[in-house]
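Student: I have this model open on my screen and would like a close look at one part of it. Could you walk me through that part and then show me what surrounds it?

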Number of protein chains: 2
Amino acid sequence: MVHAFKIGYINIVGEKMKLVIIGGGPAAVIAAFTAKSIDSNVDVILVKNEKGVFVKCEAPYNLAGMPKLEDAVLPDEMIKEKGINIVYGEVKEINRNKKSVKTENEEINYDKLIVATGARSWVPPIPGIENALTLRDADDVKKIKEKIAGANKVAIIGAGAIGVEIAAQLKKIGKEVTTIELMPTVLPGAYDEEFIKKAEAIIEKEVNLMLSTKTLEIKEGKVITDKGEINADAIIAVTGVRANSELAKNAGLEVGKYGVTINEYMQTSDENIFAAGDCTDTRIKLATNAVMQGKAAALNALGVKTKRYKETGAMISDIFGYAIGRVGKTEKEAGECKVGTANSFSKYQMHPGAEPITVKLIFDKEDKLVGAQIWGKEGVAERINLLSLAIAKEMKKEEIAQLDYCAHPSNTPLPFSEPIVMAAENVK
Amino acid sequence: MVHAFKIGYINIVGEKMKLVIIGGGPAAVIAAFTAKSIDSNVDVILVKNEKGVFVKCEAPYNLAGMPKLEDAVLPDEMIKEKGINIVYGEVKEINRNKKSVKTENEEINYDKLIVATGARSWVPPIPGIENALTLRDADDVKKIKEKIAGANKVAIIGAGAIGVEIAAQLKKIGKEVTTIELMPTVLPGAYDEEFIKKAEAIIEKEVNLMLSTKTLEIKEGKVITDKGEINADAIIAVTGVRANSELAKNAGLEVGKYGVTINEYMQTSDENIFAAGDCTDTRIKLATNAVMQGKAAALNALGVKTKRYKETGAMISDIFGYAIGRVGKTEKEAGECKVGTANSFSKYQMHPGAEPITVKLIFDKEDKLVGAQIWGKEGVAERINLLSLAIAKEMKKEEIAQLDYCAHPSNTPLPFSEPIVMAAENVK
């Protein structure tokens with residue numbers, strides 16, 4: 001069957017279209033799946049440099065062995081069994097004139113190309129930074145596990161979401177943890193103050209938390225800060241990520257502050273090259289965004305014009321067994337706005353196992369939902385998703401207050417205590 | 001401050017408006033709260049015949065003492081402390097000419113009246129039905145607890161949501177349970193067949209489940225059915241509820257098949273009388289609906305014109321530790337429709353504690369979401385609520401598939417495995 005007539009892609013009528021995807025993370029893999037699912041005749045080639053697909057979000061949990069590292073690596077068979085070809089290797093060059101990519105060993109031609117090269121750990125230029133380990137890939141997990149095997153004291157530089165999750169897992173396996181953060185709060189910039197305070201109250205019970213602390217130098221076994229020296233058998237720096245955009249840049253593609261520039265159809269400055277995931281010019285470097293971008297990139301590469309979905313920035317992280325989530329803007333980011341907050345419980349409050357939950361909703365001047373934050377032990381993620389949908393649909397306070405929700409003793413708050421509805425009603 | 005100028009209610013300018021509410025359940029209590037919260041000058045009088053507010057959904061759980069009965073009764077102080085007056089008594093008559101209600105002991109005048117008389121257990125006219133206990137109120141809990149204290153075998157007539165929840169709690173405290181259901185399935189009519197099957201597979205492992213079984217007679221210690229006799233130390237009939245609409249009917253108010261007739265402003269056939277909750281003409285007799293109707297009735301009674309919210313019928317129940325939820329129409333109810341189903345997990349599937357979850361979405365011919373069903377152990381209720389919002393907003397398949405959701409190992413499925421999104425993508 002001729003591809004061109006099936007989905008409207010008109011290039012090499014009568015021949016198989018060749019879609020090459022560079023990368024091995026969620027954006028790349030999902031782009032490949034999507035392309036194959038909309039047209040099984042497309043020749044999809046995934047060029048990746050590692051065996052298996054490491055589920056990066058599990059990295060902190062792998063440190064405590066829950067789950068084991070090998071269980072967090074999805075097998076490449078799940079890709080191959082869809083009829084996707086995998087070429088193992090690192091792409092050294094994109095040749096836009098020849099429409100090819102070159103690895104160490106081979107050159108592969110493409111009709112359309114998707115760049116999904118991801119991001120890598122970034123560390124600040126502190127003297128001795130090479131004495132700190134980073135955590136992103138499966139290899140990083142192995143290195144840290146080796147290092148901490150005999151260690152007692154661990155210093156973590158950075159109190160962002162991943163830094164806090166690493167701290168929690170290291171505590172779980174009995175390490176003494178010092179967390180050093182340059183900024184005056186944990187999760188800097190990600191949440192409004194009252195939510196940050198909830199997180200800090202939990203974290204400072206568990207680790208030696210040093211905020212507003214500048215790391216001056218890292219030595220083997222020691223972190224020197226402007227507030228004193230910290231002895232540590234292992235030092236981990238979790239200070240952010242940067243897009244892997246050099247390959248695209250070297251090929252002359254436009255690159256912005258946060259990565260490869262794309263238009264609303266996931267297209268780079270070369271009409272035959274698309275990009276998706278952490279390597280693109282977005283501040284929101286999350287696996288879920290990578291997945292959605294991968295889908296959209298594949299559709300557009302195959303000629304199915306599809307606008308990027310509405311990124312609302314839905315995210316959640318773990319704070320020593322509590323969940324903190326946000327979507328849209330914080331109150332601070334929203335500027336002039338109206339806010340409603342409500343406290344409730346995860347189950348009927350008299351029911352065994354009921355846990356507190358706090359929901360904050362942020363509306364603009366016209367009462368349109370623009371942001372939300374949630375703190376609790378259960379039911380945080382799904383409520384963030386609900387509010388993400390409400391933000392994408394530009395829903396108003398009254399519409400959210402009129403949500404028809406369900407209630408059940410062991411599954412939800414009391415029938416009159418759904419915190420999303422209460423927060424919408426409480427808006428001042 | 002003169003009430004009339006505050007919210008636009010114009011009747012007895014300069015005098016306090018008198019709002020009388022008949023009932024002690026969620027519709028009545030929330031109506032009272034709402035009225036006081038929008039105008040603290042309104043004289044709100046709640047006429048109820050029991051001390052405290054029994055949280056009826058806890059009744060099955062009270063049987064196993066989790067929670068204790070006394071913990072499931074909210075104290076009337078929470079009502080009184082808002083400045084709401086409580087008159088204890090049973091209303092015998094509404095006099096629409098005099099605009100008053102009469103209890104055994106007193107007559108109370110009203111400017112506006114809200115009827116929120118709830119519903120009661122209904123049992124079919126089986127010979128000897130008086131030998132079966134029912135379960136709805138706190139008194140019912142006490143009676144059943146007394147009866148089962150020395151019992152070993154319990155027969156439950158009815159395998160609807162509450163019947164199944166009672167069975168689970170009685171099993172928990174070591175009873176041998178036989179469940180007898182007239183219809184050929186558990187949860188009759190509430191879910192599509194594949195979801196019913198999931199529930200049945202769990203239930204029949206735990207109880208002696210007799211479907212398509214007609215109860216012919218109930219004797220002390222024995223249920224006689226068309227499939228044989230069941231010996232039972234205690235017999236409980238959970239065969240539905242009926243609206244308490246007699247009071248309204250006797251006052252000449254219009255009453256429909258399921259209860260008191262109301263318009264979209266919660267108004268009965270008398271413009272000064274509103275109705276809310278289980279006593280109204282709705283098939284959906286749920287506490288959450290009662291709450292939303294109570295709010296709307298109070299607003300309208302106080303002159304704040306407010307349309308009834310969009311009832312989507314969001315509901316959830318417990319099947320021996322699993323949750324089953326629905327919203328909108330089933331596939332069967334929807335008729336001509338498109339369906340998408342997806343299986344996923346409550347956490348990253350390699351993460352400890354990940355539990356399977358199944359989501360089914362039902363779209364109409366124009367790809368508008370009209371219904372959903374979910375089965376799982378965690379994250380069912382909040383997803384039902386999300387889909388309830390999507391139904392109320394008449395969202396399309398593509399919009400749901402483009403949801404920007406969050407992902408985290410211990411809180412959600414894998415980044416590419418949110419079952420709501422997958423189900424929307426899987427639509428055939």
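Which residue in strand 24 of chain B does B:Leu361 stand opposite?

Tutor: Happy to help, and please keep in mind that this is a predicted model. The residue you are after is B:Ala372, which stands opposite B:Leu361. Let's build outward from that pair.

Strand 23 of chain B, residues 356–363, is joined to strand 24, residues 369–376, by seven bridges, and the two run antiparallel. The hairpin that these strands make has five residues between them, and there B:Asp367 takes a positive phi near 65 degrees.

Strand 23 of chain B also pairs with strand 22, residues 338–345: eight bridges join these two, again in an antiparallel arrangement. Within that pairing, B:Phe345 stands opposite B:Pro356. As for cover, six of the eight residues in strand 23 of chain B are buried, so this strand is mostly covered.

Another sheet of chain B makes a useful companion. Here three strands form an open sheet in the order 6-7-8, with antiparallel pairing. Strand 6 (93–95) and strand 8 (107–109) of chain B are the edge strands, each with a single partner, so one side of each has no neighbour in the sheet. On average, neighbouring strands of this sheet are turned by 20 degrees against each other, direction ignored. Strand 7, residues 100–102, is joined to strand 8 of chain B by three bridges. B:Ser100 has B:Asn109 as its bridge partner in strand 8 of chain B.

Next, follow chain B to where it meets chain A. Each chain gives 56 residues to the contact. On the side of chain B that touches chain A, the elements that each supply at least two residues include strand 20 (315–319), strand 21 (322–328) and helix 11. Helix 11 of chain B brings the largest share of that side, 11 residues. By class, this side of chain B divides into 34 nonpolar, 13 polar and nine charged residues.

Helix 11 deserves a look in both chains. The axes of the two copies, residues 380–392 in chain A and in chain B, come within 8 Å and cross at roughly 10 degrees. That crossing angle is under 35 degrees, so the two helices count as roughly parallel to each other. Among the residues that meet there are A:Leu386 and A:Leu389 from chain A, and B:Leu386 and B:Leu389 from chain B. The contact between these helices has six nonpolar, two polar and four charged residues.

A few backbone details in the loops round off the picture. In chain B, the peptide bond from B:Met66 to B:Pro67 is cis, with omega near 5 degrees, and B:Pro67 lies in the loop between helix 3 (59–63) and strand 4 (73–74). In chain A, the bond from A:Met66 to A:Pro67 is cis as well, with omega near 5 degrees.

Finally, look at two residues that have positive phi without being glycine. B:Leu187, with phi near 45 degrees, is in the loop between strand 12 (176–180) and helix 7 (193–206) of chain B. B:Leu187 counts as buried because it has 22 C-beta neighbours inside 10 Å. A:Ser212 also has phi near 45 degrees, and is found in the loop between strand 13 (208–210) and strand 14 (215–219) of chain A. A:Ser212 counts as exposed because it has 11 C-beta neighbours inside 10 Å.

Terms used: Residues are numbered from 1 along each chain as its sequence is written. Chains are lettered from A and ligands numbered from 1 in the order in which they are written. This is a predicted model: local features need pLDDT of at least 70, side-chain atom pairs count only at pLDDT 80 or more; totals for chains, interfaces and linings use all residues. Axes are lines fitted to C-alpha atoms, for helices over the stretch in contact, and angles run from 0 to 180 degrees between N-to-C directions. Helices (H or I, at least four residues) and strands (E, at least two) are DSSP runs, numbered from the N terminus. Angles under 35 degrees count as roughly parallel, over 145 as roughly antiparallel, 65 to 115 as roughly perpendicular and the rest as oblique. Two residues are in contact if their C-beta atoms, placed from the backbone, lie within 7 Å. Ala, Val, Leu, Ile, Met, Phe, Trp, Tyr, Cys and Pro count as nonpolar, Asp, Glu, Lys and Arg as charged, and the others, Gly among them, as polar. Two strands pair if DSSP finds at least two bridges between them. A residue is buried if 20 or more other C-beta atoms lie within 10 Å of its own, exposed if 12 or fewer, and partly exposed in between; C-beta atoms are placed from the backbone.
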